[in-house]
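Visitor: I would like to learn how to read salt bridges in a protein model. Can you take me through some?

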Amino acid sequence: MPRTNALTFRLSIAGMGSLVRTKRDTTGNLLNTEMNSAPAQRWSMQVPAEVSATAGEAAVLPCTFTHPHRHYDGPLTAIWRAGEPFAGPQVFRCAAARGSELCQTALSLHGRFRLLGNPRRNDLSLRIERLALADDGRYFCRVEFAGDVHDRYESRQGVRLRVTAAPRIVNISVLPGPGHAFHALCTAEGEPSPALTWSGPALGDGLAATRSPGHDPGHQVTAELPALAHDGRYTCTASNSLGRAEASVYLFRFHGASRASTTALLLGALGLKALLLLGVLGVRAAAHHRLEHPVTPDAPPRPQAQESNYENLNQMSPRGPPAAVCSP
């Protein structure tokens with residue numbers, strides 16, 4: 001008679017969620033078979049640690065999940081948050097009715113967020129269009145079951161979205177200071193953080209532009225040129241590993257006839273149009289002045305202050321003369 005000292009074999013039947021145990025004696029004869037339910041899956045979410053993309057393009061944030069409800073086909077909601085889990089602001093939300101694989105979008109911030117995955121197939125992947133530097137940060141996916149089953153789960157670590165961008169100069173200005181002195185400020189944004197340099201009249205390699213005090217928002221850096229000693233063109237250049245950008249201002253100073261005074265004019269992107277407007281206003285003012293104060297032989301005409309010409313140039317340039325570097 002064969003020995004009854006049994007050997008146990010376990011076989012998991014894929015897709016059936018069951019565990020089969022078979023017992024055979026030492027000669028291989030089948031003694032009995034037992035089938036038991038396998039332990040249910042637990043909640044889990046799988047997301048990458050980081051996703052990188054370039055500003056202006058699109059990014060996909062992958063997110064898949066498992067849940068303990070094997071054949072759930074009730075109502076569900078898919079949610080994405082930004083900043084922090086559970087309490088961060090929602091940037092996307094959609095809902096699917098019972099038995100439907102279509103998740104109807106209820107919220108898409110600025111219309112740029114779109115569900116790429118299918119929640120019925122445990123996929124919450126999200127696509128973000130037209131990336132901006134402001135989109136840089138951490139995102140968290142969440143799914144909620146309703147109907148007969150009330151359950152929900154949200155990723156705690158989230159996925160880090162890193163947005164890179166070539167430099168862009170957002171502001172350049174000339175400001176008056178004490179004693180008829182002037183200083184210039186240049187603000188640029190980009191990722192990696194751009195380095196700023198100045199070039200202009202009588203600026204040697206040893207003169208460094210300095211980082212302005214205060215806190216710049218987001219990915220912006222600001223550099224100051226503390227003293228503009230000469231009239232002429234001053235150029236700010238921002239550069240990082242993805243490119244460079246330039247913006248220039250012209251400074252002209254003049255002295256009025258009645259008193260010593262110094263004036264700087266800064267015109268924006270419509271500098272030429274503004275200059276024409278100043279010219280028209282100047283002609284009208286001169287004509288009005290002559291009508292109110294006619295010239296007589298005993299009273300020679302008073303000299304008029306010379307107009308100041310000023311232009312502001314913003315341009316992208318592949319090359320530019322190196323100048324003193326400001327470490328942002």
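Visitor: Which residue forms a salt bridge with Glu-50?

Guide: This is a predicted model. The idea is to look for a side-chain nitrogen of Lys or Arg within 4 Å of a carboxyl oxygen of Asp or Glu. Here Glu-50 pairs with Arg-162. Their closest N and O atoms are 3.3 Å apart.

Visitor: Which parts does the pair tie together?

Guide: Glu-50 sits in strand β5, residues 50-54. Arg-162 sits in strand β15, residues 159-176. The pair therefore ties together parts that are 112 residues apart in sequence.

Visitor: Are Glu-50 and Arg-162 buried or exposed?

Guide: Buried means under 20% relative accessible area, and exposed means over 50%. Glu-50 has 39%, so Glu-50 is partly exposed. Arg-162 is partly exposed too, at 30%.

Visitor: How many salt bridges are there by this rule?

Guide: The count comes to 10. Among them is the bridge between Glu-144 and Arg-142, with the closest N and O atoms 2.8 Å apart. Arg-142 is buried, with a relative accessible area of 9%. Glu-144 is partly exposed, at 23%.

Visitor: Which residues are linked with Arg-142 and Glu-144 in a network of salt bridges?

Guide: Arg-81 and Glu-154. These four residues are linked in a network.

Visitor: What about Glu-246: which side chain does it meet in a salt bridge?

Guide: That of Arg-244, at 3.4 Å from N to O. Glu-246 counts as buried, at 7% relative accessibility. Arg-244 counts as partly exposed, at 23%.

Conventions:
Residues numbered from 1 in each chain as written. Predicted model: local features only at pLDDT ≥ 70, side-chain atom pairs only at ≥ 80, totals over all residues. Heavy atoms only, no water. Helix = DSSP H or I, 4+ residues; strand = E, 2+ residues; numbered from the N terminus. Buried < 20%, exposed > 50% of the residue type's maximum accessible area, 1.4 Å probe, protein only.
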